[in-house]
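Work through the exercises below with the model open. Each task is followed by a worked solution.

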Amino acid sequence: MAKGFFITFEGGEGAGKSTQIELLAAKLRAKKYAILVTREPGGSPGAEAVRHVLLSGAAEPFGPKMEALLFAAARSDHVEQVIRPAIERGAIVLCDRFIDSSRVYQGVTGGLDPAFMEVVEQVSINGMVPDMTLILDIDPAEGLKRAAVRRSPNDAPDRFEKETVSIHQQRREAFLAIAASEPQRCVVIDASRSPSEVEDAITTAVFGGLEARMTAGIK
Ligand code: TYD
């Protein structure tokens, strides 16, 4: 492969993204692809330093604009230090959350101006648009229940998990609206099914995408 393939995973809390990313990474490694697994906010030393500020809620009092710019600063560092070099080496990059989380969490439920969000997004990614985005879709009530089970008893819900189900419902709808408006990039995966059914759906989408890319000779 001349250039790599950039896949992002999006969706609400407790949709099973990290489990599915690990399963997919193992499957792709078995086929001898070079794989990089990463996540946001974080994924590079600079971005990990910002992660704590965001998820602890330390930036919350300064408003959604401040949070959006911090997510963007973290993303820019992550793209330039980690994602772009991996894509240029020909790796498949699997990233847990990316631009759509900012569009949804800061843009839609943070109430920020879409024009502002668009400029910030462009600056943060500098052309690194995902080749494929898998949106793991689940009823937020179910997702939050799963997220609570996975959390250790001493951990409190993070800055975003602690929000109301109705806010998470708006996020679900916003992710689905992005998928509808960018069908060439986004694939919606019904994450309410069993992990192995979800895994099968993801495998089909990803291998289909890789094949299409090969035959089209894109990039
Ligand atoms: P984390 O515990 O890493 O993951 P997850 O919910 O994916 O298992 O939490 C990341 C939180 O940050 C999550 O609630 C979504 C939020 N977030 C944003 O609000 N904007 C962003 O741009 C990103 C990347 C994440």
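**Exercise 1. Place Glu60 and find its partners across the chain.**

Step 1. Glu60 sits in the loop that links helix 2 (45-55) to helix 3 (64-89). The model is a predicted one.

Step 2. Check its exposure. The relative accessible area of Glu60 is 32%. Buried means under 20% and exposed over 50%, so a residue in between is partly exposed. Glu60 is therefore partly exposed.

Step 3. List the contacts, leaving aside neighbours within four places in sequence. Glu60 touches Glu67, Arg159 and Lys162.

Step 4. Take Arg159. Glu60 and Arg159 are 99 residues apart in sequence, yet their C-alpha atoms are 7.9 Å apart.

**Exercise 2. Set a second pair beside it: how far apart are the C-alpha atoms of Tyr33 and Asn126?**

Step 1. Tyr33 belongs to the loop between helix 1 and strand 2 (35-39). Its relative accessibility is 24%, so Tyr33 is partly exposed.

Step 2. Tyr33 and Asn126 are 93 residues apart along the chain. Their C-alpha atoms are separated by 25 Å.

**Exercise 3. Is Asp100 buried or exposed, and what does it touch?**

Step 1. Asp100 is part of helix 4 (residues 99-108).

Step 2. Its relative accessible area is 0%, so Asp100 is buried.

Step 3. Beyond four places in sequence, the contacts of Asp100 are Glu10, Thr133, Phe175, Ile178 and Arg185.

**Exercise 4. Describe the largest nonpolar core.**

Step 1. Count it. The core holds 23 residues. Those with the most contacts inside it are Ile7, Phe9, Leu28, Leu94, Leu134, Ile202 and Val206.

Step 2. Assign the elements. Strand 1 (5-11), helix 1 (17-30), strand 3 (92-96), strand 4 (132-137) and helix 8 (195-216) each give two or more residues to this core. Helix 8 gives the largest share, six residues.

Step 3. Look around Leu94. Residues up to four places away are not counted. Leu94 touches Ile7, Phe9, Ile21, Leu24, Ala25, Leu28, Ile35, Leu36, Val37 and Thr38.

Step 4. Look for a further core. Another one, of 15 residues, lies apart from the largest core; Phe71, Val104, Ala174 and Ala179 are among its residues.

Step 5. Set this against the general trend. In soluble globular proteins, nonpolar side chains tend to be buried together.

**Exercise 5. Find the backbone features in three loops.**

Step 1. Start with the peptide bond between Glu40 and Pro41. The bond is cis, with omega about -10°. Pro41 lies in the loop between strand 2 and helix 2.

Step 2. Go to Lys32, in the loop between helix 1 and strand 2. Its phi is near 70°, a positive value in a residue other than glycine. Lys32 is exposed, at 74% relative accessible area.

Step 3. Turn to Arg97, in the loop between strand 3 and helix 4. Phi of Arg97 is near 75°, again positive in a residue other than glycine. Arg97 counts as buried, at 14% relative accessibility.

**Exercise 6. What is the order of helices and strands, and how compact is the chain?**

Step 1. The chain has eight helices and five strands. Along the sequence they follow β-α-β-α-α-β-α-α-β-α-α-β-α.

Step 2. The radius of gyration is 17 Å, close to the 17 Å from the globule rule for 219 residues. The chain is therefore as compact as a globular protein of that length.

Step 3. Finish with burial and contacts. Of the 219 residues, 48% count as buried. Among contacts between residues at least 6 apart in sequence, 80% join residues at least 24 apart.

Definitions and conventions. Residues numbered from 1 in each chain as written. Heavy atoms only, no water. Core = buried A, V, L, I, M, F, W, Y, C linked by side-chain atoms within 4.5 Å. Buried < 20%, exposed > 50% of the residue type's maximum accessible area, 1.4 Å probe, protein only. Helix = DSSP H or I, 4+ residues; strand = E, 2+ residues; numbered from the N terminus. Contact = heavy atoms within 4.5 Å. Rg over C-alpha atoms; globule rule 2.2 N^0.38 Å.
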